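Here are a few exercises to work through with the model open in your viewer. Try each task before you read its solution.

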Amino acid sequence: MSKSGTQGLVRLPVWRARFVVTALVAAFAALGARSAYLQTVRTDFLQEKGEARYSRVLEVPATRGRILDRNGEALAVSTPVKSIWALPGDVEFGPGQKRRLGSLLGMEPKDIDKRLADRSRDFVYLKRQVSPEIADEVAALGLKGIHQQQEYRRYYPGGEVTAHVVGFTGVDDVGQEGVELAYQASLGGKPGSRRVIKDRLGRIVEDVESIRAGQDGTDLTLSIDGKIQSLAYGALKAAVEENRAKAGGLIVIDVRTGEILALANYPSFNPNNRARLTGAQLRNRVITDLFEPGSTLKPFTIALALESGKLTPNTAISTAPGSMTIAHYTIHDTHPAASLSLSQVIQKSSNVGAAKVALAMPSAAMWSMFQSVGFGEAPQLDFPGAAAGKLRPYKSWRPIEQATMAYGHGISVSLLQLARAYTVFARDGELVPLTLVKTGTEAAGEKVLSASSARAVRTMLELAVQPGGTGPRARIMGWRVAGKTGTAHKEENGAYAPDKYLASFAGFAPASAPRLVVAVVIDEPSAGQYYGGAVAAPVFAQVMQGALRLLGVPHDAPLVPIESPGAGDDAREST
Amino acid sequence: MAKLNLLLLAVLVACAIGLVTSQHRARKLFSDLEREQARARALDVEYGQLQLEASTWALHARVESIAARKLGLHAPDPRRVRIVRPAEAR
């Protein structure tokens, strides 16, 4: 047994066992070394590769804030659209598919070929901003090399009515004009990005980190009242067309808050379709265009005279013989009179009277009056291109210039500045800061005139719209109105054009407790009528009446119909 | 000793399974959250589009022309309007 047992045992050489052990140990050592190498030296690279299999960085797009009117109605809204782009090197399709794509995108097949001609480029837009429905149909074609990208497009439901205030954005959703440009920073928002883990079906299963926090644009509520704006635009458009004028502008200001309730320009444009746009349509004349205001400036001259204490509303000013010559230049009155009271100078819009009043005062006082009501300096308004106007330093004034400035020539202002200056009379001597953003709170004014002078001028301005004044067509049933007409010759190549006029009207109502200031300017009326009282005052009346009714302002005058004055009844003025 | 080891093993297995299930549930909840957030964004987009549509239908010029032409409405004569102030209403 034992023999056979020992016989069965084969005695292996000891080295073989040692060899196997050594080989195993060496193999384990090699594995250990490799894993140590991978775990320590190469760990970053490997982890990165591993993560790349399941983690993704996502862009978090920021939507642009909406622009709303004061009642919450949308004036500008962004909504997603798709852009179709192509990798020219990858594109393969037959002529039938090309025609189908062309008809979906509204492009000729040869235009598509032109876009794709340079096959070395990596990225070519075929068509930007197509509606999601069309984009889905394009995707359904399943064309190789044609891709889509999400973008936003801005829509303006207000169209041409609010175009100048709201402005518009470019194709990249960045503001280019108006409020869209002025409030780009807050409307635009900031896109963010984050890292996430996706499973094999592409669902996000874990949020790893937020790389950059995104921020959606904030909504902006404007001071504009959609109804008043629409009314103002309609009235202005009708007046410009009826008088065959070149252009027109209108502004409505809430006296108590300084909010701009309406700001209309004509001609206008459709911000949703901006092909063939001209500069004349684009300009916000109310804010950016300067004009010589003419007689609408007289109340400030008179206010200064009252403020000096030397004159009262009843002081007689000799205006005979209805003209006055200073250094080869003659000032005329349309209605010559021997003598007018200070009130009548406003009522009849006497140039000679205003000039005489002005010449009796130091030029420095007159300059500081104009300056204190905001002329000659850009208004504090968040709007691109707000004009400062021209008010030359008083040291360089010649007597004739001081005389013409008394009735609004040789000085230029924007309609916005003019309307704002009238808040001085409406608010008992306080100049109110204007805003295009809804505040809803009483604004703190800056005192520039004593309350008694402001009220005296208010009474005169009320006279100016009564029969016998220059602007009876500005009257409305149910509310007392105060205001001043202006008819200025336009300056052309350094001289006044004899047949080109700017008709304007600035005023406020109700006169007993002013609530709204409305200013209108009609540029080059050429259908026969050109006086401010005939062209601009009716627009004022229409807008003022509608706006007071919409705001529910209590009546302060008996409700009797206003007899429209006959053609020759009302006084006219020459500036 | 062996008993304690077995117990610890059982606890370990239970913990491991717990970890896996809770991770799974967390991911599921997270994907639900993502879906709801996407829905919220889509609804916001739709709200914007509806707002746009509402504004287009409610264009003042359109409302005015329908009121005047189709319905034959007109602004009341100011003489027939009475404005009531809160003090008078009492």
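**Exercise 1: a hairpin in chain A**

Ser323(A) sits opposite His332(A), a residue of β13(A). This is a predicted model, so treat the pairing as a computed one.

Task: work out how β12(A) and β13(A) run relative to each other, parallel or antiparallel, and how many bridges join them.

Solution. Start with the ranges: β12 of chain A covers residues 323-326 and β13 of chain A covers residues 329-332. The two strands run antiparallel, with four bridges between them. Next, look at the link: β12(A) and β13(A) make a hairpin, and two residues lie between the strands. Finally, check the turn, where Ala327(A) has a positive phi of about 45°.

**Exercise 2: the overall form of chain A**

Task: find out why chain A counts as more spread out than a compact globule.

Solution. Begin with the make-up: chain A contains 21 helices and 19 strands. Now compare radii: for 575 residues the globule rule gives 25 Å, but the radius of gyration of chain A is 38 Å, well over that, so the chain is more spread out than a compact globule. The C-alpha trace of chain A fits that picture, spanning about 160 × 55 × 50 Å along its principal axes. As for burial, 43% of the 575 residues of chain A count as buried. And among contacts in chain A with a separation of 6 or more, 71% link residues 24 or more positions apart.

**Exercise 3: two domains in chain A**

Task: say where the two domains of chain A lie in the sequence, and which element gives the most to the side of domain 1 that touches domain 2.

Solution. First the bounds: the assignment puts domain 1 at 59-108 + 123-221 and domain 2 at 226-271 + 287-551. Their C-alpha centres are 46 Å apart. Domain 1 of chain A brings 20 residues to the contact and domain 2 of chain A brings 16. On the domain 1 side, α7 (163-166), α8 (178-182) and β8 (220-221) of chain A supply at least two residues each. The most comes from α7(A), with four residues. By type, that side of domain 1 has eleven nonpolar, five polar and four charged residues.

**Exercise 4: chain B against chain A**

Task: which element of chain B supplies the largest share of the side that touches chain A?

Solution. Count the contact: 17 residues of chain B meet 24 residues of chain A. In chain B, α1 (2-57) and α2 (60-70) are the elements giving two or more residues. The largest share is from α1(B), with eleven residues. Sorted by type, the chain B side holds six nonpolar, seven polar and four charged residues.

Conventions
Residues are numbered from 1 along each chain as its sequence is written. Chains are lettered from A and ligands numbered from 1 in the order in which they are written. This is a predicted model: local features need pLDDT of at least 70, side-chain atom pairs count only at pLDDT 80 or more; totals for chains, interfaces and linings use all residues. Two residues are in contact if their C-beta atoms, placed from the backbone, lie within 7 Å. Ala, Val, Leu, Ile, Met, Phe, Trp, Tyr, Cys and Pro count as nonpolar, Asp, Glu, Lys and Arg as charged, and the others, Gly among them, as polar. Domain bounds come from an automatic or database domain assignment. Two strands pair if DSSP finds at least two bridges between them. The radius of gyration is taken over C-alpha atoms; the globule rule is 2.2 Å times the number of residues to the power 0.38. A residue is buried if 20 or more other C-beta atoms lie within 10 Å of its own, exposed if 12 or fewer, and partly exposed in between; C-beta atoms are placed from the backbone.
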